[in-house]
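Let's read a protein model together, one question at a time. Keep the picture open beside you as we go.

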Amino acid sequence: MEIGVTFCRWIDSYIFIVTAFNALTVKSKQPTPNPNGIVLDDEAAVQRFSTAITYQTISYEDRTKFDFDEFDKFITFLQESYPTVHEQLELEKINGYALVYKWTGSDSTKKPIGLASHYDVVPVLDGTEGNWEQGPFTGAIEDGIIWGRGTLDDKIGVIGILEALEKLLTEGYEPNRDMYFMFGFDEEIGGEEGAKAIAETLKARGVTFDFVLDEGGAIVENMVPGVEKPVGVVGISEKGSATVELTIEGSGGHSSQPKNHTNIGRIANAIAKLEDTQFKGDLRGPGEDLFEFVAPEMNVGMKYVFANKFIFEPIIENILLKQPASAALIRTTIAPTIFHAGEQSNVLPEKASAIINLRLMPGDSLDYVKNFIEETISDDDIKVTITGREASKVSSIDGWQFKAIQQAARNVNTEAVIAPYLMVAGSDAKHYDHVSDNTYRFLPVQITSEDLNRMHGTNEHVSIENYLNAIRFYIEIIKESNK
Ligand SMILES: [Zn+2]
C-alpha cells in the first residue's frame, strides 16, 4: 500500500517533469522574416485592380450562359495593362481562355515552378445586388477598400501575379528555372476546360513541376484558440468528395396495413445510424501537421497540451469534434442532402432512396467508405452505391518548397504563423496534382472568418494593404524559388 502510493507519487512527478520539459522545448517552425520593403507604384496598381473587377467574367453551371465578350475584353485589358509581360513571356491560350504564361529560366536542368489562379467569378445571386454596399462589378475604391466580385476569389491572384511579373521584368530580374503562370476561366464550375486542360496539355509535353501554388487557405485572424498571432494556412491536400446513394425497393402497399418497418423508415434508420456512429475523428496527416506548426506559438496552457499530444490526443480530438469546422479537419464527414420517397399520402412507396455527400480524409478510400457505410447500416436490403473522387495526395512540408512559401509569406506578413492544413473545399489545385510533385493552396491575404463568408456571398472586398501585400508575396515567392 505504502509502496503503491510512493510509486504513484513518483510516476506523477515523472510525468509532470517530462510533459513540462516537452512544452518548454517545443521549437518554433517559423523561419525568421526578412522584410525586403518592396516599393510599388501603389496608386497605379490599385487602379488596374479596380478596372479588372469591372469585367463580368462570370462562371455559370450552364456553360451556354458564359458571356465570352467579357472574357475577351478582360484578356485585352491584361495585354494593355501588362505590356512587358506580354512582350517578354510566351502566352498560350488553351480552349480559347485558359491562359498559360511561360517565363524561360537560365538553367534548363531545374524543374519548373507554377503559380496558378483563376479569373472567373461566381454570379451575384438574383435579388441580392441591392445588399451590396458598393456594386459587385464597380471596382469601387473607398476608405482603403477595393470592392467587388473577384477581389478575394480570385482575380487578386491573377492581377497580383501579373503586377509582380511586370515589376520584376522591368527591373531586369531573370529566373534560373522555368516559371509558368496559369490562369483558369472556369474554376468555379470545376475547372474542366481551364486548369484541367492546362494540366493535360503540359503533361502531354512532359512538363512536371517542383511545385504549383494555387489559391486556398489565407492568413486568418483568431483562427486557432490559444494563438494570438494570425495563422496563415497553406493547404497541402484537399479532401475527396463522394456521393453515396442508399436505395431500398419492394413491398409497397396500402397505408392502412403497414409493416412495422417501411421503406422510408429503413432508409431513415440507416441515416440515423450513420449520424450516430460517424467516421472516427483522428488527428493525423495534414490536420496533425497544422497543430505541430501552431503549438510552439501557443500560450503556455495550450502549448503544454499540444506538446504532450501522446497523453492528450483523445481530449484534443473531442474538443475538435465539437465544432463542425474543426471536426471536418479530422474526419470524413457525412451530409445527407437528398431524400426521395413517396408520392401519395395513402400509398406506401415501393422505393425509397437518399443521397449523402461525404468529404473524404486523405487515406479514406472510396472502397473503405462504402464498406464502412454498409457495415454501419447493416441492412442487406439497402443497396449502397458510391461515386466520387478520393482526397488529393498530400504534399511535402519537409522540403525547400514549403519553406519557400513560409519564408515569402513571413517576409511580407512578419507576424503571421505559416502552417500546413487540410483544405475541406475543392480548388483547381487538384488538377495540377497530375503534373506536380507538390501542390500548395494559399492566398496571401490577411482576413477574418467573416471575409471568408463574403467570398461567394455579398460585399466581397479586400483592403488596399492586403492587395499590395499579395503583389509583394508573389515577388517574394518567385525570388525564393529561384535561389
Ligand atoms: Zn477561387
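Helices (H or I, at least four residues) and strands (E, at least two) are DSSP runs, numbered from the N terminus. This is a predicted model, in which local features need pLDDT of at least 70, side-chain atom pairs count only at pLDDT 80 or more, and totals for chains, interfaces and linings use all residues. Residues are numbered from 1 along each chain as its sequence is written, and side-chain values use heavy atoms, with hydrogens and water left out.

Q: Where does asparagine 413 lie, and is asparagine 413 buried or exposed?
A: Look in the loop between helix H13 (400-412) and strand S15 (417-423) for asparagine 413. Buried means under 20% relative accessible area, exposed over 50%, and partly exposed in between (1.4 Å probe, protein chains only). Asparagine 413 has 11% relative accessibility, so this residue counts as buried.

Q: With which side chain does the side chain of asparagine 413 make a polar contact?
A: A polar contact is a pair of N or O atoms within 3.5 Å; within protein, one must be able to donate a hydrogen and the other to accept it, and residues adjacent in sequence count only if both atoms are side-chain atoms. Here the distance is 3.3 Å, and the partner is the side chain of glutamine 446.

Q: Which residues are the protein donors of the zinc ion?
A: Donors are N, O and S atoms within 2.8 Å of the metal (3.2 Å for Na, K and Ca); water is not among the atoms, so sites may look incomplete. The donor atoms lie 1.9 to 2.5 Å from the zinc ion, and glutamate 215 appears twice in the list through OE. The protein donors come from His118, Asp153 and Glu215.

Q: Why is the arrangement around the zinc ion called irregular?
A: Four donors count as tetrahedral if all angles lie between 85 and 135 degrees; four count as square planar and six as octahedral if opposite donors are over 155 degrees apart and all others between 65 and 115; anything else is irregular. The arrangement is irregular because the four donor atoms subtend angles of 55 to 148°.

Q: What is the order of the four strands in the open sheet?
A: Two strands pair if DSSP finds at least two bridges between them. The pairing in this sheet is antiparallel, and strand S9 (residues 240-249) pairs with S14 over seven bridges. The edge strands, each pairing on one side only, are S11 (333-341) and S14 (383-389). The order is S11-S13-S9-S14.
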